[in-house]
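Got the viewer open and a selection tool ready? Let's take a walk along the chain, one pick at a time.

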Amino acid sequence: MVDDNADTPDAERHGLSVAELAEVTGVTAHTLRYYERAGLIHPITRTVGNQRRYQPGDVDWMRFLVRLRETGMPIARMRDYAALRSRGDSTLPARVHLLTEHHEALRQRIKRLRDHERALAATINTHQQLIDHVAGTSADKPDDESRSR
């Protein structure tokens, strides 16, 4: 078996593979590759064997992207944010604006989810009361065996 890293300079040899980054960030290797193709992740350092090697900053960025996605940010908006970030600190106000909009949308979604959760809990409670009422009524009636005596 050939060691792809045998002729790789130390800087390229170190870092996380796709599988390792997937494990530490909780996403699939497919998602990592998709995010790279979508322009969310800058071109990644590769070994002479063409294996991706993610650096610590890549790990932090990926975790941030996961957070954005899990809080409902569309890929297009994530792409907008990534493009702003790649242009440097002069885009900080625009990034803050984008994140503030997302934060407000998230807060509204959480509020709606809490309302739905309360409504669902109330429905479950109503159903349980009906079950308890029917069970209590059935307990008052003699069963078929005792009626036949």
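Start by selecting H102. With a relative accessible area of 12%, H102 falls under the 20% cut-off, so this histidine counts as buried. Bear in mind as you look around that the model is predicted. H102 sits in helix α6, which covers residues 92-140. Now show what surrounds the side chain: leaving aside residues up to four places away in sequence, H102 touches L68, T71, G72 and M73.

Two of those names lead to the next stop. L68 is one of the buried residues of α4, and G72 follows α4 with a positive phi, near 95°. So which stretch should you highlight for α4? Take residues 56-70. That selection holds 15 residues, and going from the first C-alpha to the last you cover 21 Å, close to the 21 Å expected at 1.5 Å a residue. Color the buried positions of α4 while you're there: D58, V59, W61, M62, L65, V66 and L68.

Next, keep α4 on screen and add α5, residues 75-86. How are the two helices arranged? They pack at an angle of about 145°, and their axes are 10 Å apart. Their crossing is right-handed. For the contact itself, show W61, F64, L65, L68 and R69 on the α4 side and I75, M78, Y81, A82 and R85 on the α5 side. Sorted by type, the residues of this contact come out as 8 nonpolar, no polar and 2 charged.

Stay with α5 for a moment and hide its partner. Its 12 residues should span 16 Å at 1.5 Å a residue, and the end C-alpha atoms are indeed 16 Å apart, so the expected and actual lengths agree. Which residues of α5 are buried? Pick I75, M78, Y81, A82 and L84. I75, M78, Y81 and A82 also appear in the contact with α4. Then step just past the end of α5 to G88, another glycine to check on a Ramachandran plot: its phi is positive, about 100°.

Now jump back toward the N terminus and select S17. You'll find S17 in the loop between α1 (10-13) and α2 (18-25). Is S17 buried or exposed? At 18% relative accessibility, S17 is under 20%, so it counts as buried. Draw a C-alpha to C-alpha distance from S17 to Y54: the two are 37 residues apart in sequence, yet 6.4 Å apart in space. Beyond residues up to four places away in sequence, S17 touches R52, R53 and Y54.

R52 and Y54 also take you to the last residue on the route, E36, which touches both of them. Select E36 in helix α3, residues 29-37. Its relative accessible area is 17%, which means E36 is buried. Further contacts of E36, again skipping residues up to four places away in sequence, include I41, P43, I44 and R46.

Finally, zoom out and color by secondary structure. The chain has 7 helices and 0 strands, so the run of elements from the N terminus reads α-α-α-α-α-α-α. Of the 149 residues, 25% are buried. Switch to a surface view and you're looking at about 10,600 Å² exposed by the chain, with carbon and sulfur atoms supplying 55% of it. If you'd rather draw a contact map, take the contacts between residues at least 6 apart in sequence: 57% of them join residues at least 24 apart.

Technical notes: Residues numbered from 1 in each chain as written. Predicted model: local features only at pLDDT ≥ 70, side-chain atom pairs only at ≥ 80, totals over all residues. Heavy atoms only, no water. Helix = DSSP H or I, 4+ residues; strand = E, 2+ residues; numbered from the N terminus. Expected span 1.5 Å × (residues − 1). Buried < 20%, exposed > 50% of the residue type's maximum accessible area, 1.4 Å probe, protein only. Contact = heavy atoms within 4.5 Å. Areas by Shrake-Rupley, 256 points an atom, 1.4 Å probe, with all protein chains shown as cover. Axes fitted to C-alpha atoms, helices over the stretch in contact; angles between N-to-C directions. Left-handed = near helix turned anticlockwise from the far one by under 90°. Nonpolar A, V, L, I, M, F, W, Y, C, P; charged D, E, K, R; others polar.
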